[in-house]
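Here's a quick briefing to read alongside the sequence and the 3D view. Have both open and click along as you go.

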Amino acid sequence: MSSTERGTAGAAPEAGPGATHRTRVWATRLVVVGIVLSALNLRPAITSLGALLEEVRDGLGMSGSVAGLLTSVPPLCFAVFGVTAPRLARRFGPAAVVCAGMAAITTGLLIRPYVGNTAGFLAASALALMGIAVSNVLMPVIVKRWFPDRVGPMTGLYSMALALGTSLAAAVTVPLTDALGGGWQSGLAVWAALAAAAVLPWLPLVRDRGTGAARPEGPVRDPADQHAPLRITRSRTAWALAVFFGLQATAAYITMGWMPQIFRDAGVPAGTAGVLLAVTMVMGVPLAFVIPRVAARLPHQGPIVLVLGACGLAGYAGLYLAPAGGSWIWALLLGVSNCAFPLALTMVGMRARSGPGVAQLSAFAQSTGYLISIPGPLLVGVLYQRSGGWGLPIALMAGLMVPQMAVGFLAGRDRTVEEEATR
């Protein structure tokens with residue numbers, strides 16, 4: 001055998017097209033698993049705390065005003081930290097930032113029950129919410145880059161997992177706490193395990209800073225990715241989407257924070273009121289999968305916005321006229337209305353052509369939107385306290401639904417922010 005033959009025989013075989021294709025397939029599967037696990041972790045930090053808020057207040061000696069502040073901390077953190085996500089993604093890659101976000105959620109959830117004081121609890125909560133904020137913004141970017149032809153179905157899968165995580169934490173935190181011995185610390189800390197699991201799928205992908213989707217023919221790069229960032233504030237569509245996002249978030253936080261109390265004040269037992277809230281949240285699981293798939297096939301998503309808004313108006317009318325008599329119907333209608341969230345995420349992916357465009361639009365819409373949503377739950381509480389009833393708060397909720405429908409209809413038009421924003 002010649003030296004050339006020996007060298008050839010001893011050399012490692014080169015990876016052929018088949019091996020490359022298999023690598024891409026496994027990478028795509030990892031991304032799907034990562035998206036689902038990450039989405040499951042984007043709300044338990046909030047809803048698990050809500051389930052044990054009274055025990056946390058007693059355990060830390062937390063005042064009522066500080067406990068009320070906790071309801072506004074999530075949207076504030078989402079607004080403040082979410083705006084940094086595009087810059088971090090450009091430097092480190094979206095997968096690496098989401099991986100770090102899941103690690104921050106894990107750390108925050110693990111340490112906050114055991115810090116022993118209110119300041120430490122708030123700081124650890126902020127750490128977890130920071131991880132949630134950057135992941136919130138970058139999930140549509142990940143979907144756009146890896147699945148550009150399946151934005152609707154993948155957004156639906158992500159939204160369904162997010163709704164499932166929200167409902168799961170609200171429903172099982174108290175039983176889990178009882179099963180673990182009754183201490184609220186363990187009941188909150190247990191959710192760190194789910195967040196830790198979400199770190200794992202992203203680890204093999206942290207070096208991926210490309211902008212293309214993993215396709216059999218190879219990554220596809222958008223020439224627009226190489227251009228300067230958009231002047232996103234010049235886009236009317238971006239502003240419409242931001243306001244729509246903010247108003248739907250306002251409605252969702254008001255529902256999560258106050259709907260059980262509305263039912264209880266109407267004579268519904270406390271246990272049933274909690275179940276009604278769970279029903280409202282659970283409605284988002286199947287509909288969050290269906291609505292983005294339907295929306296992605298339509299050139300204009302405005303009709304879906306109007307249908308969801310009409311359900312919300314009907315639900316609020318029911319809460320005003322007969323809160324106890326038709327409680328199950330109103331809970332279902334408000335659950336349908338709250339599915340404006342997955343619709344907003346779908347429109348983020350459809351209203352920009354490139355990955356960086358989606359990142360900018362997602363950061364702008366979510367950060368601005370969450371800032372808009374901060375006063376809503378607090379204002380409802382003030383109106384309730386001042387008026388001594390739910391007439392004015394419900395009128396406010398219904399009144400906010402009208403501009404939500406209007407700006408959502410505008411945001412649903414078939415155009416992109418690149419057409420409106422000058423680079």
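Is Glu420 buried or exposed, or does its relative accessible area put it somewhere in between? Glu420 is partly exposed, because its relative accessible area is 23%, and the cut-off for buried is under 20%. Bear in mind that this is a predicted model. In outline, the protein has 22 helices and zero strands, and 52% of its 423 residues count as buried.

**The whole protein**

- Among contacts with a separation of 6 or more, 83% are between residues 24 or more positions apart.
- The accessible surface adds up to about 17,800 Å², and carbon and sulfur atoms hold 65% of that.
- The salt-bridge count is one.

**The salt bridge**

- Glu420 pairs with Arg415 through their side chains, at 3.7 Å from N to O.
- Arg415 is partly exposed as well, with 31% relative accessibility, and Glu420 has 23%.

**Helix α7 and its two sides**

- Helix α7 covers residues 85–92, and its buried residues are Ala85, Pro86 and Ala89.
- Those buried residues line one face of α7, because they fall within an arc of 95° when you look down the axis.
- Turn to the face pointing away from the buried side and you'll find the exposed residues Arg87, Arg90 and Arg91.
- The buried residues of α7 pack against α6, α8 (94–111), α9 (118–146) and α19 (355–373).
- Right after α7 comes Gly93, which has a positive phi, near 95°.

**Helix α6: one buried residue, one partly exposed**

- Phe78 sits in helix α6 and is buried, at 2% relative accessible area.
- Leaving out residues up to four places away in sequence, Phe78 touches Arg43, Ile46, Leu129, Ile132, Ala133, Asn136, Tyr253, Ser367 and Tyr370.
- Phe78 and Ala126 are 48 residues apart in sequence, with 9.6 Å between their C-alpha atoms.
- Val80 is also in α6, which runs over residues 73–82, but Val80 is partly exposed at 44% relative accessible area.
- Val80 joins Leu76 and Leu371 in a nonpolar surface patch, and together they have about 250 Å² of accessible area.

**Leu361 in helix α19**

- Leu361 belongs to helix α19 and is buried, with a relative accessible area of 0%.
- Not counting neighbours within four places in sequence, Leu361 is in contact with Ile232, Ala238, Leu241, Val348, Arg351, Ala352 and Val417.
- For Leu361 and Ile232, the sequence separation is 129 residues, and the C-alpha atoms are 7.0 Å apart.

**Helix α15 and its packing face**

- Helix α15 spans residues 284–296, which is 13 residues.
- From first C-alpha to last, α15 reaches 18 Å, close to the 18 Å expected at 1.5 Å a residue.
- Its buried residues are Gly284, Val285, Ala288, Ile291, Pro292 and Ala295.
- Seen down the axis of α15, these buried residues fall within an arc of 135°, so they line one face of the helix.
- As background, residues three or four places apart in an α-helix point the same way, because there are 3.6 residues a turn.
- What do the buried residues of α15 pack against? Their partners are α10 (151–179), α14 (270–282), α16 (302–321) and α18 (340–350).

**Gly271 in helix α14**

- Gly271 lies in helix α14.
- With a relative accessible area of 51%, Gly271 counts as exposed, since the cut-off for exposed is over 50%.
- Gly271 and Pro260 are 11 residues apart along the chain, and 9.3 Å separates their C-alpha atoms.

**Ser337 in helix α17**

- Ser337 is found in helix α17, which covers residues 327–337.
- Ser337 counts as buried, because its relative accessibility is 4%.
- Beyond its neighbours within four places in sequence, Ser337 contacts Leu308, Cys311, Gly312 and Met401.

Conventions. Residues are numbered from 1 along each chain as its sequence is written. This is a predicted model: local features need pLDDT of at least 70, side-chain atom pairs count only at pLDDT 80 or more; totals for chains, interfaces and linings use all residues. Side-chain values use heavy atoms; hydrogens and water are left out. Helices (H or I, at least four residues) and strands (E, at least two) are DSSP runs, numbered from the N terminus. The expected span of a helix is 1.5 Å times one less than its number of residues. Buried means under 20% relative accessible area, exposed over 50%, partly exposed in between (1.4 Å probe, protein chains only). The arc is that of the directions from the helix axis to the C-beta atoms. Contact means heavy atoms within 4.5 Å. Patches are made of residues with over 30% relative accessible area and no salt bridge: like charges are joined within 9 Å, nonpolar side chains (Val, Leu, Ile, Met, Phe, Trp, Tyr) within 5 Å. Accessible areas come from the Shrake-Rupley method with a 1.4 Å probe; for residues, only the protein chains shown count as cover. A salt bridge is a side-chain nitrogen of Lys or Arg within 4 Å of a carboxyl oxygen of Asp or Glu.
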